[in-house]
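Colleague: I have a model here and some questions about its strands and serines. Can we go through them one at a time?

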Amino acid sequence: MSFVIGDCSPILYRLWMQDGALIGAQFDAAFDTDTDMKTGTIGLPVLSVNDPDTAANELRTHLIVTGSVAEDNEGMFSIGSLLGSGMATDEGPRYVAGAVETITKVRADVTSLLSIEIAASTLRSALEGQWDDLEMALDTVFGTDSDAATDPTSAVRTDAPRREDILDDIDDILDALASEDAFVAATAADGGGVFESQELGASAAMDTFNRAMWSATATMGATGATRYGTAFRKSAPNAREDLKKAEVGAFSYSTMANTVRTSQAAAVSLTGIASYTGGTEAVSGGGTAYSGTMDLQVRFAANTVSGVVKNLLDADGLPWQHNFADVERIVLSDARLLRNATFSSGAKTEGTVFFTADSGLLRPISGLTTTLKGILLGTGDNAGSQANGVWEINTSGSTNYLTGGFGVMHVGDASRPRPGGDAGGASNATLISTPTTTAAQYDDGTSRDAIDITPTVSVADGKLTVKVAKFGWQRGDSTTDPVQYVVTTVDPEDTPTNFNDDVAARATAEFDLEALAGKAIGAKTTVNGPKHVDSVRATLQAQRDQIATLQSLGTRTESTKSAEVAAWQIVQDAVQYQLFGGTKDPDGNAPDNAGDTGLFFQPDRSQLPNKLAGAYNEDEALGLIDRAIEALSNATTLFAALDPEGTGVFDRTVDIDGIQSDGTIGTTDGTIEADPDNDATTNDTEFGSPYITYDNGDRRWETIARGRTLGNFLGEREHQVVASLGTTDYTRFGIWYRLGTESAEREPSNQRGNHTAPDGGPGAFAYSPLDPTMAGNATNPAFPVGGSASYVGEAVAHMHTDVLTGTARVDVSWAAATALDLSVGGDAGNDGGAPDDVTSNAGTMSLTLADLADADGDPLTYTGIAGAPNQGHEIAEIVFSEMAIEVGLPGGRSGQLIVGAETEVPEAGELSTYTYGEGTVTVGTTLDASNVRYRLAAIGMDDQLPASGATASVGALFVGQGVDGPLGVIGTFTLSDSNVARVHADGTKVEDHQNVNQYTIRGGFGADSP
């Protein structure tokens, strides 16, 4: 009889009665093989099967993780010991015992041969074969090679003794192997023993006599339903040699089922950043076992997993050492989280070790090869509740090699920090990147001046403020360009034919930074501009009031009448162009209503509504304007205004030859009737073509050409500004862009996508609640001279119509003392030119952007490889390398550690101040000449270069100050490359590139020290 005791824990005991005593064994529940993994040269963990020959059921009471399961010399580690003391050992048979067993069989066979009558030659041959077996058995003890093809060696004579002597000789050998003392005597120098040729000495002889073929040690830890540990196995080729490392590695598995989909685990995380804590068991390349803790952070939005190993101690309480110094923690390379809840980093040179305070080495060492691999555990409501995995640091076989297994439990979600700048404070560390652009603008109606329409962006007082150029329909010279959709100038007193200002009017959008920071990375927030309909109503109301005032004057002059006509013209322009989006006729002619015969089924979008198309009529103007204002009140009145059988104030029937107003064909009054037979229920095709179907159930033809409902028409806005933010502990970063349309109906070539034009951005920004890092001076720099550092974080970018998110890593090599120059000065000549006395060198920085993808998880793709698939090759990383870290000149960046370029220098006679922007990053034709490259996700593919003509720039600012240098880095970047595309939503091809602004990527990033 046996029974199980214990709680609901997967660690249980089996008890049974045997020979009147209570016997027990600790065993483990069967694990899900989808969760097992290992490192090094050991095998995958296996639990023992039941041994039917034993008195007790030993199912799953042993772990097998070294050796071969199919062989007798496998490593069997007691689960009871592993889950109790945390360590178990196993040992193979002794070499001497194995030799004795073989030689005993040889003696029995020789005895049998001597007892039968066979030919002398046959007997001799048989005895030689038996003696060969004896020699080879002794080879395993002494390391001799009696079977060598040339120069064989043997622990005894190489030919079989005579038949009358052979049994005595065998007995002598067995006697020498019978005990430790006998073996010592037999291997003594000049002692006359049977193994005199294999002199060992007493101590070595005792070691040889007792040496096992192999020994193995395993450790195990348990956190929740996870199991993790290490195994180290030593073996020797013979009893004479010391045991040497044969296998070393780590393992992990779980008694809990794995999480099937990452999205299930993400659903139970409140912030999208889940923290896990647990234990780890590790082993060095030399076999020393360590125990410590493991912390994981899973960022579901960025699909990355970070791991930190801490407090590794051996059995004597001594920490693991790297380069002979005590290590406090190991920051592993970030792993990529896949859709099936597994994560793996591969072998990356991104690991960092931090030493203990008393180690004598205060500076961390970065760039170490590490791996991190694991899987999220749990299903249903417990999805993602635990995780197990393995890790490594340094290369297997190196003196600093260390590997471990781990198990962790979800301990909560990492809070999204709220720096002071979010809640209303100002940020002292801010970077802004916007496209510098100009637009053609009217001056005197015939020539054009360049108008600065560069967006302006600021981060202050808890607000992100974006000011973009304001656009509108304005009338120029009536004979050359009657109407243009142009930049609105600042001065409201500018006349329609005289735009003298050279600065654009601005539309302002403000975003609350605290609200942006509270959203998931990559989430969009939109600030709406005014509706076109509201702007047109305001224009009509203002012109109506002006006309009414002018008409009410007691004395009306030619000048006041001209003003009334001008006001009426503004009414017409507002309706014709801002409301209905008229630019040119579909045949490409100017809207002069002459020669417009190419319309066919397309409405003439340049034509004014019939009732508003005439010249100014002082008796009818106010009434028509009132009707137009009323028509824009709601969908019902607008529908009626578009219907010639309704109020008809916005009816725009088209002039064309071929159809008479009564519906007959062949006459030339030039009118297309909406309903030729005045019967909305009939099929109007009987009247031929062109014609316009105008049944009650149809949308009005004036708006249906753009596929727009009346609700769309009424709700269309002049512009919208969209922003998206990402966060780390010390940084904020993001992008913004403008959406704009030219009319309530939308101009066909400028639908919502016209934010790709430079006038609407996109732009990037980054800021930090920490102050910028001041460089210091050569005797007291703010960074470890000659050292290195790595910062990890995230990025938000924009490409055409998509917001992209991914991870960012910044690797820094600080300048060595022999190359350090932190001198900072101004322009000695103060002539506005390049500074004459400034040189600075603080080191170099590389930026790696990984896994940039849109909200659906569709990645960037590289199309520049001949024969690439339609969807291109997925880009895993974009690397901007070897950018100089300099010291800011006097001005907004004075004395700060920056990466970038001077964007403004002082004019002659002005103070020597400088501002900075993104600096150009070299795009070459070879890897050696290029500072930009793409690492593709496909295994085995080499780094790829940008296309010819591609451009790239990066700006960065280091922030904060710690013992080991800056605490973080913020930055912006731009990449324009025709070989970099977005995967189409159907996943089978890439998006088309219509212009440079559709493949230009602008983004912001932030990264913190580990």
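Modeller: Yes. Keep in mind that this is a predicted model. Let us start with a serine: the side chain of Ser154 makes a polar contact with the side chain of Glu135.

Colleague: What is the distance of that polar contact between the side chains of Ser154 and Glu135?

Modeller: A polar contact needs N or O atoms within 3.5 Å. The side chains of Ser154 and Glu135 meet that cut-off, at 2.6 Å.

Colleague: Which residue offers its backbone oxygen to the side chain of Ser154?

Modeller: Look at the loop between helix H3 and helix H4, where Ser154 is found. A polar atom of the Ser154 side chain lies 2.9 Å from a backbone oxygen. That oxygen belongs to Val156.

Colleague: Is Ser154 buried or exposed?

Modeller: Ser154 touches Glu135, Thr144, Ser146, Ser197 and Gln198, leaving out residues up to four places away in sequence. Its relative accessibility is 13%. Buried means under 20%. So Ser154 counts as buried.

Colleague: Which backbone nitrogen does the side chain of Ser846 reach?

Modeller: Ser846 is found in strand S39, residues 843-853. Ser846 is also buried, with a relative accessible area of 14%. Its contacts include Phe880, Ser881, Glu882 and Met883. At 3.2 Å, the side chain reaches the backbone nitrogen of Glu882.

Colleague: Why is strand S27 largely enclosed by the rest of the structure?

Modeller: Strand S27 covers residues 463-469. It is largely enclosed because of its buried residues, which number 5 of the 7.

Colleague: How many bridges join S27 to strand S30?

Modeller: Strands of a sheet pair through backbone hydrogen bonds, either parallel or antiparallel. S27 and S30 run antiparallel. One bridge sets Thr465 against Glu510 in S30. The number of bridges joining S27 to S30 is 7.

Colleague: Which residue in the turn between S26 and S27 has a positive phi?

Modeller: S26 and S27 run antiparallel, joined by 5 bridges. Thr456 stands opposite Lys467 in S27. The two strands form a hairpin with 2 residues between them. The residue in the turn with a positive phi, about 55 degrees, is Asp461.

Colleague: Which strands are the edge strands in the open sheet S5-S6-S7?

Modeller: This open sheet has 3 strands, with antiparallel pairing. S5 pairs with S6 over 2 bridges, and Leu47 stands opposite Leu63 in S6. An edge strand pairs on one side only, and here the edge strands are S5 and S7.

Notes
Residues are numbered from 1 along each chain as its sequence is written. This is a predicted model: local features need pLDDT of at least 70, side-chain atom pairs count only at pLDDT 80 or more; totals for chains, interfaces and linings use all residues. Side-chain values use heavy atoms; hydrogens and water are left out. Buried means under 20% relative accessible area, exposed over 50%, partly exposed in between (1.4 Å probe, protein chains only). Helices (H or I, at least four residues) and strands (E, at least two) are DSSP runs, numbered from the N terminus. Two strands pair if DSSP finds at least two bridges between them. A polar contact is a pair of N or O atoms within 3.5 Å; within protein, one must be able to donate a hydrogen and the other to accept it, and residues adjacent in sequence count only if both atoms are side-chain atoms. Contact means heavy atoms within 4.5 Å.
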